[in-house]
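Me: Please take a close look at one buried position in this model and describe what surrounds it. After that, set it against the rest of the chain, with the numbers.

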Amino acid sequence: MTVPKETVRAAAVPDPRSGSAVGALRERVTGDLLDIVVDLDAGAGCRLRDLRDGTEYLDMTMYFSSAPLGHGHPALREPEFEAELLRVSRVKPSNPDFATVQQARFAETFARVVGVPELPLLFFIDGGTLAVENALKVAFDWKTKVNARAGIGVRGSRVLHLERAFHGRSGYTMSLTNTDPTKVRDYPMFDWPRIPSPAIEPGPRWDVDDLLPEEVVALEAAGAALRRYGREIACFVYEPIQGEGGDRHLRPRFLQAVQELCREHDVLTVADEVQTGALTGRAWAHEALGLEPDLVAFGKRMQVCGVMGGRRVLDVADNAFREPSRISSTWGGSLTDMVRATRVLEVVERDDLFAHSARMGDLLLRELRGLAQEFPSVLRDARGRGLMCAVGFHAPEQRDAALRSAREGQRTLFLPSGTDSLRCRPPLAVRPDEIADAVGALRAALAELA
């Protein structure tokens with residue numbers, strides 16, 4: 001039945017220029033809203049504009065790294081692209097069941113620009129947490145089938161993981177997340193094996209050929225867990241760089257050693273690249289670290305979340321990617337997101353933005369290291385890979401004061417990381433002058449503290 005036009009009424013919304021939008025959302029919707037109303041029609045590069053009064057902010061957050069081209073990129077405002085975006089936004093098809101040209105084009109573009117030949121299987125879903133969740137399900141399915149074919153009646157039902165990891169807050173992933181206790185407190189969880197996370201601060205120890213003492217301890221803990229639980233362990237999941245845990249960098253030598261151990265025990269490796277994907281100067285951080293995961297969970301900068309699978313997963317022909325309805329969801333990701341992602345990836349390819357972001361990351365890291373030398377009583381260990389950069393503070397309250405001062409006094413937005421670090425997540429197309437302005441704003445904030 002057609003609804004008469006005169007009966008269709010838009011819901012009453014607060015006048016954003018009155019300032020009531022923030023208040024109304026804080027009253028009704030769970031979140032940690034800043035006192036900013038985003039002007040979706042304005043902004044350029046790292047500049048975000050407040051719709052209420054036109055105030056501009058220098059944005060080093062990019063919506064927690066989910067705006068890969070920054071604000072107002074011209075490629076996302078071309079009439080042809082906007083028409084396609086409008087066309088697919090009128091409906092929300094169930095992508096796993098109904099084919100569209102738009103989804104096929106996205107899958108082809110994804111494979112061409114950021115695909116890994118050894119990981120040909122793709123699964124799409126909304127949300128990075130559910131990407132990790134489904135990677136675990138693939139591993140559980142795989143290990144149980146491998147066990148059965150060896151005549152072993154044991155289900156693959158455990159996940160080896162690291163301390164200070166964040167993999168999400170859903171049913172399975174909550175058992176792996178162990179950063180802020182508030183996020184998992186009092187929720188039922190699985191007692192899965194957790195090993196130390198031997199992150200290394202920048203310095204001469206990074207390039208040591210042999211395993212460091214703390215890495216030996218962690219590797220021995222992994223071996224002990226594999227011996228204790230045997231065929232129950234389905235996979236080892238890790239973040240190549242632990243983001244929420246504090247931008248903590250794990251050495252390639254350590255992760256490669258765990259990878260080798262997992263292969264010896266028929267355990268899959270899962271790289272959680274929801275945060276590191278398209279951020280470290282390469283399409284994937286695991287490539288820069290010389291790792292060969294069997295599964296990769298992705299999201300954020302990719303616009304569409306999901307899982308890439310291959311390598312040892314392909315040893316089981318009826319793996320969870322291929323067995324009907326073994327993993328799925330109603331929507332299988334958003335078609336609107338896929339159209340936007342296709343355009344983003346085309347721009348990344350056309351403008352060689354991974355190489356550009358690597359150069360800009362080197363510049364940003366040099367500037368942060370300069371600040372650490374300039375303010376040694378406040379800052380410590382600046383570190384980064386590509387545009388995934390951070391700097392630590394000697395005290396959490398100093399970090400919080402710097403974030404507040406930069407936002408309120410310098411109109412510049414940074415993100416916290418872990419308990420005492422500040423992180424930058426600029427867009428792939430960030431310019432040198434934007435980096436200089438951001439560092440200058442942080443310098444002014446630090447001068448107040450010092």
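Reply:

**A buried proline and its setting**

Proline 427 has a relative accessible area of 1%, and therefore counts as buried, the limit being under 20%. The model is a predicted one. In terms of secondary structure, proline 427 belongs to the loop that links β16 (421-424) to α12 (432-449).

The neighbours of this proline come from several parts of the sequence. With residues within four places in sequence left aside, proline 427 is in contact with Cys46, Met62, Ala67, Pro68, Leu69, Gly70, Arg301 and Leu387. Another pairing is given by C-alpha distance: aspartate 59 is 368 residues away along the chain, yet the two C-alpha atoms are separated by 9.3 Å.

One of the contacts, Cys46, leads to the cysteines. Cysteine 46 is buried because its relative accessible area is 0%. The disulfide count is zero. For cysteine 46 the nearest cysteine sulfur belongs to cysteine 424 and is 10 Å away, whereas a disulfide would need the two sulfur atoms within 2.5 Å. Cysteine 235 is likewise in no disulfide, with the sulfur of cysteine 262 as its nearest, at 8.6 Å. Cysteine 235 also has a relative accessible area of 0%, so it is buried.

Next come two residues with unusual backbone angles. As a rule, residues other than glycine mostly have a negative phi. Phenylalanine 64 has a positive phi, near 55 degrees, and sits in helix α2 (residues 62-65). Its relative accessibility is 47%, so phenylalanine 64 is classed as partly exposed. Lysine 300 also has a positive phi, near 45 degrees, and lies in the loop between β10 (295-298) and β11 (305-309). Lysine 300 is partly exposed too, because its relative accessibility is 28%.

On polar contacts, the case to look at is arginine 52, in the loop between β1 (47-49) and β2 (56-59). Its side chain makes a polar contact of 2.7 Å with the side chain of aspartate 50. A polar atom of the arginine 52 side chain also lies 2.6 Å from the backbone oxygen of aspartate 35.

Helix α3 (residues 79-89) carries phenylalanine 81, and arginine 87 is in helix α3 as well. Phenylalanine 81 is buried, since its relative accessible area is 4%; arginine 87, at 46%, is partly exposed. Outside its neighbours within four places in sequence, phenylalanine 81 is in contact with Ala75, Leu76, Val339, Arg340 and Arg343. Of these, arginine 340 is 259 residues from phenylalanine 81 in sequence, with a C-alpha to C-alpha distance of 8.3 Å. Arginine 87 gives a long distance instead: its C-alpha atom and that of tryptophan 206 are separated by 50 Å, for 119 residues along the chain.

The nonpolar interior can be described by its cores. The largest nonpolar core has 87 residues, and the members that touch the most others are Phe110, Val114, Trp284 and Phe414. Helix α10 (residues 353-374) gives nine residues, the largest share of this core. Phenylalanine 110, with neighbours within four places in sequence set aside, is in contact with Gly115, Leu122, Trp284, Phe298, Met302, Met308 and Leu345. Another core lies apart from this one; it has 30 residues, including Phe123, Ile125, Leu176 and Trp192.

For the chain as a whole, there are 12 helices and 16 strands. The radius of gyration is 23 Å and the globule rule gives 22 Å for 450 residues, so the chain is as compact as a globular protein of that length. Along the principal axes, the C-alpha atoms fill a box of roughly 70 × 70 × 45 Å. Buried residues make up 52% of the 450, and proline 427 is one of the residues that count as buried. Of the contacts with a separation of 6 or more, 70% join residues 24 or more positions apart. The exposed area is about 20,400 Å², of which carbon and sulfur atoms supply 51%.

Note on methods:
Residues are numbered from 1 along each chain as its sequence is written. This is a predicted model: local features need pLDDT of at least 70, side-chain atom pairs count only at pLDDT 80 or more; totals for chains, interfaces and linings use all residues. Side-chain values use heavy atoms; hydrogens and water are left out. Helices (H or I, at least four residues) and strands (E, at least two) are DSSP runs, numbered from the N terminus. A polar contact is a pair of N or O atoms within 3.5 Å; within protein, one must be able to donate a hydrogen and the other to accept it, and residues adjacent in sequence count only if both atoms are side-chain atoms. A nonpolar core is a set of buried Ala, Val, Leu, Ile, Met, Phe, Trp, Tyr and Cys residues joined through side-chain atoms within 4.5 Å. Buried means under 20% relative accessible area, exposed over 50%, partly exposed in between (1.4 Å probe, protein chains only). Contact means heavy atoms within 4.5 Å. The radius of gyration is taken over C-alpha atoms; the globule rule is 2.2 Å times the number of residues to the power 0.38. Accessible areas come from the Shrake-Rupley method with a 1.4 Å probe; for residues, only the protein chains shown count as cover.
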